[in-house]
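User: I would like to go through how the protein and the DNA meet in this model. Please take my questions one at a time.

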Number of protein chains: 2
Amino acid sequence: MYRELSDKMTRHRVVSFLSHLRKNDLTMNQYKILSLIEQQGPWLPNRLAEHMELKAATITYLVDALEQRGLVARTPNPSDGRSHYVNFTETGRQLVLDARSEGDYAVMESFRQMDQDEADHLYILLRLLGKKLFP
Amino acid sequence: MYRELSDKMTRHRVVSFLSHLRKNDLTMNQYKILSLIEQQGPWLPNRLAEHMELKAATITYLVDALEQRGLVARTPNPSDGRSHYVNFTETGRQLVLDARSEGDYAVMESFRQMDQDEADHLYILLRLLGKKLFP
DNA sequence: TATTGTTATACTCTATAACTATA
DNA sequence: TATAGTTATAGAGTATAACAATA
(Lines give C-alpha, C1' and ligand atoms only; values in the text may rest on other atoms or scores of the structure.)
Protein backbone atom coordinates (compact mmCIF):
# COMPACT_ATOMS: atom_id res chain seq x y z
CA MET A 1 0.00 0.00 0.00
CA TYR A 2 2.80 2.40 0.79
CA ARG A 3 5.19 0.93 -1.76
CA GLU A 4 4.71 3.95 -4.02
CA LEU A 5 6.41 6.27 -1.56
CA SER A 6 9.79 5.90 -3.17
CA ASP A 7 12.74 8.17 -2.66
CA LYS A 8 12.12 9.29 -6.19
CA MET A 9 8.62 10.48 -5.40
CA THR A 10 9.72 12.29 -2.28
CA ARG A 11 12.56 13.96 -4.15
CA HIS A 12 10.22 14.95 -6.93
CA ARG A 13 7.83 16.68 -4.54
CA VAL A 14 10.68 18.54 -2.87
CA VAL A 15 12.25 19.67 -6.12
CA SER A 16 8.97 20.78 -7.64
CA PHE A 17 8.06 22.70 -4.49
CA LEU A 18 11.40 24.49 -4.47
CA SER A 19 11.16 25.38 -8.12
CA HIS A 20 7.63 26.61 -7.49
CA LEU A 21 8.91 29.00 -4.78
CA ARG A 22 11.77 30.11 -7.02
CA LYS A 23 9.49 30.54 -10.02
CA ASN A 24 7.18 32.70 -7.95
CA ASP A 25 10.09 34.45 -6.26
CA LEU A 26 8.79 33.72 -2.77
CA THR A 27 11.05 33.37 0.23
CA MET A 28 10.35 30.80 2.92
CA ASN A 29 8.95 33.37 5.34
CA GLN A 30 6.82 35.02 2.70
CA TYR A 31 5.39 31.62 1.91
CA LYS A 32 4.92 30.93 5.60
CA ILE A 33 2.77 34.04 6.06
CA LEU A 34 0.53 33.02 3.16
CA SER A 35 0.38 29.51 4.55
CA LEU A 36 -0.62 30.68 8.04
CA ILE A 37 -3.40 32.83 6.55
CA GLU A 38 -4.59 29.85 4.57
CA GLN A 39 -4.73 27.80 7.76
CA GLN A 40 -6.24 30.29 10.17
CA GLY A 41 -7.56 33.31 8.27
CA PRO A 42 -6.36 36.94 8.60
CA TRP A 43 -3.54 37.65 11.08
CA LEU A 44 -2.46 40.70 13.04
CA PRO A 45 1.23 41.58 12.47
CA ASN A 46 2.03 41.16 16.16
CA ARG A 47 0.56 37.67 16.18
CA LEU A 48 2.64 36.79 13.11
CA ALA A 49 5.78 38.14 14.80
CA GLU A 50 5.06 36.04 17.90
CA HIS A 51 4.24 32.89 16.00
CA MET A 52 7.13 33.12 13.54
CA GLU A 53 9.58 34.27 16.20
CA LEU A 54 10.51 37.39 14.25
CA LYS A 55 10.43 41.06 15.23
CA ALA A 56 7.51 43.32 14.28
CA ALA A 57 9.76 45.36 11.96
CA THR A 58 10.64 42.20 10.06
CA ILE A 59 6.97 41.36 9.61
CA THR A 60 6.41 44.85 8.20
CA TYR A 61 9.21 44.17 5.73
CA LEU A 62 7.80 40.80 4.68
CA VAL A 63 4.20 42.01 4.43
CA ASP A 64 5.30 45.06 2.43
CA ALA A 65 6.94 42.78 -0.10
CA LEU A 66 3.86 40.58 -0.37
CA GLU A 67 1.55 43.61 -0.57
CA GLN A 68 3.54 45.26 -3.36
CA ARG A 69 3.10 42.12 -5.40
CA GLY A 70 -0.63 42.03 -4.70
CA LEU A 71 -0.49 38.77 -2.75
CA VAL A 72 -1.78 40.17 0.57
CA ALA A 73 -3.79 43.24 1.64
CA ARG A 74 -3.99 45.13 4.93
CA THR A 75 -7.52 45.74 6.20
CA PRO A 76 -8.43 47.85 9.27
CA ASN A 77 -8.97 46.20 12.62
CA PRO A 78 -12.43 47.44 13.68
CA SER A 79 -11.70 46.89 17.38
CA ASP A 80 -8.28 48.62 17.47
CA GLY A 81 -7.36 51.56 15.26
CA ARG A 82 -3.64 51.01 15.76
CA SER A 83 -3.53 47.68 13.99
CA HIS A 84 -4.83 45.94 10.91
CA TYR A 85 -5.40 42.46 9.61
CA VAL A 86 -3.18 40.86 7.02
CA ASN A 87 -5.17 38.73 4.60
CA PHE A 88 -4.28 37.22 1.26
CA THR A 89 -5.78 38.28 -2.05
CA GLU A 90 -7.27 35.75 -4.41
CA THR A 91 -3.92 35.70 -6.23
CA GLY A 92 -2.10 35.02 -2.96
CA ARG A 93 -4.53 32.28 -2.03
CA GLN A 94 -4.10 30.58 -5.37
CA LEU A 95 -0.33 30.75 -5.10
CA VAL A 96 -0.14 29.10 -1.69
CA LEU A 97 -2.57 26.37 -2.70
CA ASP A 98 -0.53 25.67 -5.81
CA ALA A 99 2.68 25.54 -3.78
CA ARG A 100 1.17 23.22 -1.20
CA SER A 101 -0.09 20.87 -3.87
CA GLU A 102 3.41 20.66 -5.28
CA GLY A 103 5.25 19.76 -2.12
CA ASP A 104 5.75 20.26 1.52
CA TYR A 105 8.26 22.76 2.77
CA ALA A 106 8.76 21.20 6.19
CA VAL A 107 9.99 18.05 4.49
CA MET A 108 12.07 20.13 2.13
CA GLU A 109 13.70 22.11 4.94
CA SER A 110 14.46 18.89 6.77
CA PHE A 111 16.17 17.13 3.92
CA ARG A 112 17.52 19.88 1.71
CA GLN A 113 20.82 20.45 3.44
CA MET A 114 21.61 16.98 4.67
CA ASP A 115 25.01 15.50 4.08
CA GLN A 116 25.95 11.90 4.74
CA ASP A 117 26.76 12.37 8.39
CA GLU A 118 23.51 14.20 9.05
CA ALA A 119 21.58 11.59 7.14
CA ASP A 120 23.13 8.90 9.34
CA HIS A 121 22.04 10.69 12.49
CA LEU A 122 18.55 11.18 11.10
CA TYR A 123 18.35 7.52 10.15
CA ILE A 124 19.15 6.55 13.73
CA LEU A 125 16.57 8.99 15.01
CA LEU A 126 13.95 7.63 12.61
CA ARG A 127 14.64 4.11 13.82
CA LEU A 128 14.10 5.26 17.39
CA LEU A 129 10.97 7.22 16.45
CA GLY A 130 9.70 4.24 14.53
CA LYS A 131 10.00 2.05 17.60
CA LYS A 132 7.90 4.57 19.50
CA LEU A 133 5.30 5.09 16.79
CA PHE A 134 5.04 1.45 15.67
CA PRO A 135 5.99 -0.70 18.66
CA MET B 1 15.00 -0.57 25.39
CA TYR B 2 14.08 2.63 23.55
CA ARG B 3 11.76 3.89 26.26
CA GLU B 4 14.33 6.45 27.34
CA LEU B 5 14.04 8.40 24.10
CA SER B 6 11.46 10.82 25.45
CA ASP B 7 10.55 14.11 23.83
CA LYS B 8 12.23 15.69 26.79
CA MET B 9 15.53 14.01 26.02
CA THR B 10 15.40 14.96 22.36
CA ARG B 11 14.58 18.54 23.25
CA HIS B 12 17.39 18.59 25.77
CA ARG B 13 19.95 17.51 23.18
CA VAL B 14 18.72 20.10 20.70
CA VAL B 15 18.72 22.92 23.23
CA SER B 16 22.14 22.06 24.59
CA PHE B 17 23.57 21.85 21.07
CA LEU B 18 22.15 25.25 20.16
CA SER B 19 23.47 26.84 23.31
CA HIS B 20 26.83 25.25 22.60
CA LEU B 21 26.93 26.92 19.19
CA ARG B 22 25.82 30.22 20.69
CA LYS B 23 28.27 29.96 23.56
CA ASN B 24 31.11 29.39 21.07
CA ASP B 25 29.72 31.99 18.69
CA LEU B 26 29.67 29.61 15.74
CA THR B 27 27.23 29.90 12.86
CA MET B 28 25.72 26.81 11.26
CA ASN B 29 28.01 26.99 8.23
CA GLN B 30 31.11 27.60 10.31
CA TYR B 31 30.19 24.52 12.31
CA LYS B 32 29.54 22.61 9.12
CA ILE B 33 33.04 23.30 7.80
CA LEU B 34 34.58 22.02 11.03
CA SER B 35 32.28 19.02 10.92
CA LEU B 36 33.21 18.17 7.33
CA ILE B 37 36.92 18.35 8.21
CA GLU B 38 36.28 16.07 11.16
CA GLN B 39 34.59 13.57 8.86
CA GLN B 40 36.91 13.64 5.87
CA GLY B 41 40.11 15.49 6.74
CA PRO B 42 41.41 18.71 5.13
CA TRP B 43 39.30 20.26 2.35
CA LEU B 44 40.04 22.52 -0.61
CA PRO B 45 37.87 25.67 -0.66
CA ASN B 46 36.40 24.75 -4.04
CA ARG B 47 35.31 21.35 -2.76
CA LEU B 48 33.70 23.01 0.26
CA ALA B 49 31.86 25.43 -2.01
CA GLU B 50 30.59 22.55 -4.14
CA HIS B 51 29.56 20.39 -1.22
CA MET B 52 27.90 23.15 0.77
CA GLU B 53 26.29 24.72 -2.29
CA LEU B 54 27.86 28.11 -1.58
CA LYS B 55 30.05 30.35 -3.74
CA ALA B 56 33.84 30.35 -3.38
CA ALA B 57 33.77 33.94 -2.11
CA THR B 58 31.45 32.87 0.68
CA ILE B 59 33.80 30.06 1.68
CA THR B 60 36.64 32.60 1.85
CA TYR B 61 34.46 34.67 4.18
CA LEU B 62 33.63 31.72 6.42
CA VAL B 63 37.17 30.33 6.53
CA ASP B 64 38.56 33.81 7.29
CA ALA B 65 36.29 34.01 10.31
CA LEU B 66 37.34 30.56 11.54
CA GLU B 67 41.01 31.27 10.89
CA GLN B 68 40.99 34.57 12.79
CA ARG B 69 39.69 32.67 15.81
CA GLY B 70 42.36 30.02 15.47
CA LEU B 71 39.91 27.21 14.72
CA VAL B 72 41.24 26.37 11.23
CA ALA B 73 44.49 26.92 9.33
CA ARG B 74 45.30 27.13 5.61
CA THR B 75 48.17 24.91 4.49
CA PRO B 76 49.68 24.89 0.96
CA ASN B 77 48.51 22.34 -1.58
CA PRO B 78 51.74 20.66 -2.76
CA SER B 79 50.22 19.63 -6.08
CA ASP B 80 48.65 22.99 -7.01
CA GLY B 81 50.14 26.33 -6.02
CA ARG B 82 46.87 28.17 -6.58
CA SER B 83 45.02 26.45 -3.79
CA HIS B 84 45.47 25.34 -0.20
CA TYR B 85 43.95 22.91 2.23
CA VAL B 86 41.69 23.99 5.05
CA ASN B 87 42.26 21.96 8.18
CA PHE B 88 41.19 22.47 11.76
CA THR B 89 43.53 23.26 14.62
CA GLU B 90 43.48 21.25 17.81
CA THR B 91 41.17 23.90 19.29
CA GLY B 92 38.83 23.59 16.30
CA ARG B 93 38.82 19.82 16.53
CA GLN B 94 37.97 19.90 20.21
CA LEU B 95 35.16 22.36 19.60
CA VAL B 96 33.41 20.28 16.95
CA LEU B 97 33.74 17.11 18.99
CA ASP B 98 32.21 18.86 22.00
CA ALA B 99 29.37 20.20 19.90
CA ARG B 100 28.64 16.83 18.38
CA SER B 101 28.55 15.17 21.75
CA GLU B 102 25.98 17.69 22.93
CA GLY B 103 23.49 17.29 20.11
CA ASP B 104 22.86 16.86 16.48
CA TYR B 105 22.29 19.79 14.25
CA ALA B 106 20.44 17.91 11.53
CA VAL B 107 17.78 17.03 14.06
CA MET B 108 17.80 20.58 15.30
CA GLU B 109 17.39 22.02 11.81
CA SER B 110 14.53 19.67 11.12
CA PHE B 111 12.48 20.48 14.17
CA ARG B 112 13.46 23.99 15.11
CA GLN B 113 11.06 25.89 12.92
CA MET B 114 8.10 23.55 12.81
CA ASP B 115 4.62 24.87 13.34
CA GLN B 116 1.53 22.73 13.79
CA ASP B 117 0.83 22.32 10.11
CA GLU B 118 4.39 21.33 9.37
CA ALA B 119 4.40 18.94 12.29
CA ASP B 120 1.26 17.29 10.90
CA HIS B 121 2.91 16.80 7.53
CA LEU B 122 5.99 15.38 9.18
CA TYR B 123 3.88 13.04 11.27
CA ILE B 124 2.27 11.67 8.13
CA LEU B 125 5.68 11.29 6.52
CA LEU B 126 7.01 9.49 9.58
CA ARG B 127 4.10 7.07 9.46
CA LEU B 128 4.89 6.32 5.84
CA LEU B 129 8.61 6.01 6.57
CA GLY B 130 7.82 3.81 9.54
CA LYS B 131 5.90 1.42 7.32
CA LYS B 132 8.93 1.18 5.08
CA LEU B 133 11.49 0.83 7.86
CA PHE B 134 9.45 -1.46 10.12
CA PRO B 135 7.01 -3.34 7.91
C1' DT C 1 43.88 30.62 -21.99
C1' DA C 2 41.56 28.45 -17.94
C1' DT C 3 41.22 27.80 -12.99
C1' DT C 4 41.72 28.80 -7.82
C1' DG C 5 41.02 31.73 -4.53
C1' DT C 6 40.64 36.74 -2.81
C1' DT C 7 38.91 41.46 -2.80
C1' DA C 8 35.48 44.88 -3.48
C1' DT C 9 30.89 45.66 -3.64
C1' DA C 10 25.91 45.00 -3.43
C1' DC C 11 21.67 42.63 -1.97
C1' DT C 12 18.54 40.13 1.24
C1' DC C 13 16.91 39.23 5.63
C1' DT C 14 17.03 40.19 10.18
C1' DA C 15 17.39 43.19 14.39
C1' DT C 16 17.40 47.63 17.33
C1' DA C 17 15.97 52.22 18.19
C1' DA C 18 13.28 56.22 17.38
C1' DC C 19 8.88 57.63 15.96
C1' DT C 20 3.54 58.10 14.97
C1' DA C 21 -0.95 57.11 15.98
C1' DT C 22 -4.19 55.15 18.89
C1' DA C 23 -5.70 52.98 23.42
C1' DT D 1 1.42 56.16 29.84
C1' DA D 2 1.50 51.87 27.11
C1' DT D 3 0.94 49.41 22.80
C1' DA D 4 0.78 48.39 17.48
C1' DG D 5 3.00 49.15 13.70
C1' DT D 6 6.35 51.85 10.64
C1' DT D 7 10.69 54.05 9.39
C1' DA D 8 15.57 54.52 9.53
C1' DT D 9 19.60 52.29 10.14
C1' DA D 10 22.96 48.63 10.99
C1' DG D 11 24.86 43.87 10.84
C1' DA D 12 25.36 39.07 9.18
C1' DG D 13 25.59 36.13 5.44
C1' DT D 14 25.24 35.49 0.77
C1' DA D 15 26.22 36.53 -4.29
C1' DT D 16 28.49 38.74 -8.54
C1' DA D 17 32.31 40.76 -10.85
C1' DA D 18 37.00 42.08 -11.30
C1' DC D 19 41.46 40.64 -10.16
C1' DA D 20 46.03 38.10 -8.98
C1' DA D 21 48.62 34.04 -9.13
C1' DT D 22 49.33 29.69 -10.96
C1' DA D 23 48.30 25.79 -14.25
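User: How many residues surround DNA strand D?

Analyst: This is a predicted model, in which local features need pLDDT of at least 70, side-chain atom pairs count only at pLDDT 80 or more, and totals for chains, interfaces and linings use all residues. Side-chain values use heavy atoms, with hydrogens and water left out. A residue is near a strand if one of its heavy atoms lies within 4 Å of it. The closest to DNA strand D include Asn46(A), Thr60(A) and Thr27(B), and the number of residues that surround the strand is 21.

User: Which residue has a polar side-chain atom 2.7 Å from a base oxygen of DNA strand D?

Analyst: Of the atoms of DNA strand D within 4 Å of the protein, 77% belong to sugar or phosphate and the rest to bases. One phosphate oxygen of this strand is 2.5 Å from an N or O atom in the side chain of Asn29(B), and another partner of a phosphate oxygen, at 2.9 Å, is a polar backbone atom of Lys55(B). The residue whose polar side-chain atom lies 2.7 Å from a base oxygen is Arg82(A).

User: Which helix gives the most to the surface near DNA strand D?

Analyst: Helices here are DSSP runs (H or I, at least four residues), numbered from the N terminus. Helix 3 (45-52) and helix 4 of chain A, together with helix 4 of chain B, each supply at least two residues of this surface. With four residues, the one that gives the most is helix 4 of chain B.

Key:
Residues numbered from 1 in each chain as written. Chains lettered and ligands numbered in written order. Polar contact = N/O pair within 3.5 Å; in protein donor to acceptor, adjacent residues only side chain to side chain.
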